[in-house]
Amino acid sequence: MDLSLGQLGMASLWLAFALAIYGIFAGILGALRRDARLQTSARFAAVAVFLAVTTAIAVMETALLTDDFSVRYVAEHSRIASPLWVKVVTLWSALEGSVLFWGWLLTGYGALLAITSPNNVLRPWALSIMQMVQLFFISVVTFIANPFIVMAVPPMDGPGANPLLQNHWMMAVHPVLLYLGYVGLTVPFAFAMAALITRRPGIEWMTQTRTWTLIGWGFLSAGIIAGGWWSYEVLGWGGYWAWDPVENVSFMPWLTATAFIHSVQVQERRRMLKSWNVMLIVLTFSLSILGTFLIRSGVVSSVHAFGDGPVGPFFLAFFIVVALAAFGLVAWRWDQVRDNAELDAAVSREGSFLAGNVLFLAMAFAVLLGTLFPLIVEALSGNKVTVGAPFFDKVSIPIWLLIFVLMGIGPLLPWRKAEEQSLRKNLMWLVGGALAAALIAFLFGIRRVYPLLTIALAGFNLVSLGLLITGAVVPRARLSGRNVLSVFRQYAFESKRRFGSMIVHFGVIVIALGVLGSGAYRVDQQIRIDYGQSVEFQGYELKALGAYTYPELSLLQSGTLTEQDVSHISLGANVEVWRNGKLLKVLNPRINRFLGRPEQPVPTPSVLYMPWHDIYLNIAGELNADSSSVTLRVVQSPLVTWIWIGGFIIVLGTAYALSPNRRRVKASQEARGSVQA
Amino acid sequence: MKKLIYAIAGVAILGIAGALIYQALNSSLVYFILPNEYAAHPAKYEDRRIRLGGIVEPGSVQYDNQNLQLAFAITDSIKTYPVTHVGAPPELFKENTGVVVEGHFDGETFKSDELLIKHSEVYEPPADGQPIDIEMLKDTLQ
C-alpha cells in the first residue's frame, strides 16, 4: 500500500511528539546533573523537533497544493479552483492548521535558540520550558485537532477557505505576524522561568532575551495593526476596531508586553522591579494562551469566531497550568525576587515608567473585564449581554491620554531624581507645545474635549521628541565644533535603541491622531444612486456608472468559463469619485461569492485612500445584475490612513532599534582579537 | 512614611478606577433578548440599548427604496413587534430568517440602527401545532 500524505503527516507529528518529550527530559536531567552531553543532546532534540514539524508542514502544503482531498483538512478547507496563494495560506485559515502553524513557529524559535543562545546556566532550563510549550501545541495537533486525519471517501472537490479570509491577501500576512509576536514573547517567558528555577533573578535573563522581546513586541504590534487594516478592507463597516473579543485578546498581551519592555529598563538600570518584571512576562504569555482559549472555544460570542473546535478545554487547562506553575514559582522564589532598592523619587525616569506600567496594566485589566463580563453576568443571572464599545472607549481613552503625558515627560527625566530647574524648563516647553497645538486645532474648528486633548498631547510629545534630540545633539556639537547634522547622524547611529524608541513613540502619536480623526469625525451614511446619475457626498460627486462584474458575464454565459474554473464571482457597481470637476478614481464596491461557499456572500468595500480622509464605499442591500441603481454605504474617515502609516513607523523604529550596531560589533571583534593575540 | 503615602495613593487610584469602570460597564451593557422577554418586563429595558433577536415575520417586510427606510415585524412566535431600520435590507435578508437588530424601543416600535442576519444557522419553523423551542431559538441567534 502506498503511504498517503495523511499518514506521512501523522507520522511526523508522532515523531515530533516523541522528540519533544525526550528533549524535555534530557534537558532537565542534563541541567540537574550538569551533564554537558545530555544538554547537548537536548539541543539536538530541539532542532530535530523543528525538522519533524517542518516535515508535517511540508506534507500539509503538498496536500493543499496537489488538492489531495484524502486529507480531511484539505477536503474541508480547500478547493481546486482557488488561486495558488489561497491554497498556500489555507494552512492557517482554520483551527487545526493554525495550531500546527503556531507550533511550527515555536519549534523554529526553539531550534534557533538551541543553536544560537550562549552556553550558560539558564540555557538548558529555558530550552526545556520552550519545549514544554511546544509539547502542548504538538499534543493538541496530534491528539485533539489533528489536521492529517484521512478521509475514507475523499470528495472530488472541497468548499475552500472561509470566504472572509480568502477575500483579502492580508490573511496571508496578519496571522503570521500575530503568531510570530506570541511566539517571540514565549522566549523571555522561558528565560524568566529558567532564571527563577536557577535562583538567578538578576538581569541576565532579560539582557539575553532583549532582542527576542523586541522582535516579539514588534511582530505583535504589526499583527494587531494589520488585523485592523484587514477588518477595514473586508468587514465593510468602514471601521477597523470594534472591541470584539477576538481583537481584545490580542490587545491584552500587547498591553502587558508594552509594560514589560519599559519596566525591564528599570531593572537593567536600577536593579528594581525584579518580581514585577517576571510577573509581567508570565501575564503576557498566559494572556496569549487565555485569549486563544476564549476565541477558539466559542465561550464568548464574537463577530468572527473562526472556529469552535474541540481544543477549548485544553487551552483552558494549559492556561491554568501555566498560570499556577509560573506564579507558584514566583511565590516559591519570593525571597530572591523581592526588591531591595527603593524608588528615590516619584519624579524620575523609573517613576514615570512605573506609573506607565500601572496604566498599561489597568487598561489590560479593564479590557479583560469587559471581555469576560458577559460570561460573569450569564453565570450569575442567566441574562445574555454584550459589553458595548462605549465601555471600552470610556475606560481606555482617558488612560491613553495619561500614558501620552508620561510618554512625553518620562524620557526627558533622568534616572533616580529629576532636578527641579531643568524639569521646570522642560515642562514649560512641553506645555507650550501642547497649548500651541490645541490652539491651532481650535482655530480649525475642533471643539470637543477628547480631540482637543489628543491634539494637545500630540504637540506635547512632538516637542518632547524635539527636546530629546536637541538635548543630545546640541551640547555635543558645541563641544566638538562639528555641525549639528553630522552630530545628529552620529547620535542616531550610535544610540540605536534610544533613537529607535523615539521613532516608535512618534509612530504612536501618528496612530493616536488617526484614531482620533476616524473615531470622532467619521461620516457614515447610506446613499442610493441610479446608474448614470450622481449624488453629492461631503463635497464629492459620486457617479454610479453601472454594474461591475467579474469575471466578464459573457465568458460565463458563453461557457468559455464554468463555475468550476473560477474561485469567485463578483457583482458590484462602478462608481466614479469626482471632486471640483476632476475625476479622482473609479471605485468598484462589490459582493464576492466564493463558489465553494456560495451561501456566504461577502460584501467587499472599495476605498479611495487619501491623506486627510478616505472615501469608503460598500454595497448595502441586495444587488442584481439587472438592477438600475445601487445602494451604497458611504463612509468618510478622516486621518484613518495615518493609523497604517503610524503602524509602519512603529515597525520601522523597532527594526532600527534591533539593527546591529556596526561600531559595537567591530569593537567587540577587536576586543576578541586582542584577547586571542 | 513613604511607603504609607504610596499605599494610600495606590488604594485611592484603584478605588477611583474601580468606580469609573463599574459606572462605565453598567451603562454599556447591551442585553440580548427575544420579543417575549421584552413583553414580560418592558420597564427593565427602558432607555436601554438592546439587541433583539427573532424571526422576520412573513408578509411584514416593507422597503422604501427612495428614503432607504426598512420596516418589518420581528417575532419569536409568542410576541411580535414592529421594527424600523434606516438603511437597505442586507443581502440574504428574507422572510423567516433569523435576525438580530440593535437599537432601542420607542413605544411599541423597535428602532434599529444595526441589522445582522444569522445566516449560518437557517432556522426552521416547527411543524404545525408544535410549540417553538424558545431556548433553542435564542441560542441559535446569539
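**Exercise 1. Confidence.** State how far the predictor trusts chain B and how the model scores overall.

*Solution.* Chain B has a mean pLDDT of 85, and 90% of its residues reach 70 or more; pLDDT is the predictor's confidence in each residue, from 0 to 100. For the model, ipTM is 0.87 and pTM is 0.93. The model is predicted, and local features need pLDDT of at least 70, side-chain atom pairs count only at pLDDT 80 or more, while totals for chains, interfaces and linings use all residues. Residues are numbered from 1 along each chain as its sequence is written, and chains are lettered from A and ligands numbered from 1 in the order in which they are written.

**Exercise 2. The contact between the chains.** Find how many residues each chain gives to the contact, and describe the side of chain B that touches chain A.

*Solution.* Step 1: count the residues. Chain A supplies 27 residues and chain B supplies 21, where two residues are in contact if their C-beta atoms, placed from the backbone, lie within 7 Å.

Step 2: assign elements. On the side of chain B that touches chain A, the elements giving two or more residues are α1 (2-28) and β1 (29-33) of chain B. Helices (H or I, at least four residues) and strands (E, at least two) are DSSP runs, numbered from the N terminus. α1(B) gives the most to this side, with six residues.

Step 3: sort by class. This side of chain B holds 13 nonpolar, five polar and three charged residues. Ala, Val, Leu, Ile, Met, Phe, Trp, Tyr, Cys and Pro count as nonpolar, Asp, Glu, Lys and Arg as charged, and the others, Gly among them, as polar.

**Exercise 3. The strand β1(B).** Identify the strands that pair with β1(B), and give the sense of each pairing.

*Solution.* Step 1: look across to chain A. β1(B) pairs with strand β1 (residues 384-387) of chain A in the antiparallel sense, over four bridges; two strands pair if DSSP finds at least two bridges between them. Leu29(B) is the bridge partner of Val387(A).

Step 2: look within chain B. Strand β2 (residues 50-56) of chain B runs parallel to β1(B), joined by three bridges. Here Leu52(B) in β2(B) stands opposite Ile33(B).

**Exercise 4. Helix packing between chains.** Describe how α15(A) packs on α1(B).

*Solution.* Step 1: take the geometry. Two packed helices are described by the angle between their axes and the distance between the axes. Helix α15 (residues 349-381) of chain A packs on α1(B) at an angle of about 30°, with the axes 12 Å apart. Axes are lines fitted to C-alpha atoms, for helices over the stretch in contact, and angles run from 0 to 180 degrees between N-to-C directions.

Step 2: classify. α15(A) and α1(B) are therefore roughly parallel to each other; angles under 35 degrees count as roughly parallel, over 145 as roughly antiparallel, 65 to 115 as roughly perpendicular and the rest as oblique. The crossing of α15(A) with α1(B) is right-handed. A crossing is left-handed if the near helix is turned anticlockwise from the far one by less than a right angle, and right-handed if clockwise.

Step 3: list the residues. Ala362(A), Ala366(A), Leu369(A), Gly370(A) and Phe373(A) of α15(A) meet Ala17(B), Ile21(B) and Leu25(B) of α1(B). By class, this contact has seven nonpolar, one polar and no charged residues.

**Exercise 5. Helix packing within chain A.** Repeat the analysis for α6(A) and α8(A).

*Solution.* Step 1: the axes of helix α6 (residues 122-144) and helix α8 (residues 174-197), both of chain A, come within 8 Å and cross at roughly 130°. That makes α6(A) oblique to α8(A).

Step 2: the crossing of α6(A) and α8(A) is right-handed. Among the contact residues are Trp125(A) and Ile129(A) of α6(A) and Phe191(A) and Met193(A) of α8(A). The contact has 12 nonpolar, one polar and no charged residues.

**Exercise 6. A sheet in chain A.** Give the strand order of the open sheet of four strands, and name its edges.

*Solution.* Step 1: the order is β2-β11-β10-β9 (chain A), with antiparallel pairing.

Step 2: β2 (523-530) and β9 (606-608) of chain A are the edges; each has a single partner strand, so one side of each is left without a neighbour in the sheet. On average, neighbouring strands of this sheet are turned by 25° against each other, direction ignored.

Step 3: β9(A) is joined by three bridges to the antiparallel strand β10 (residues 613-619) of chain A. Ile615(A) in β10(A) is the bridge partner of Leu608(A).
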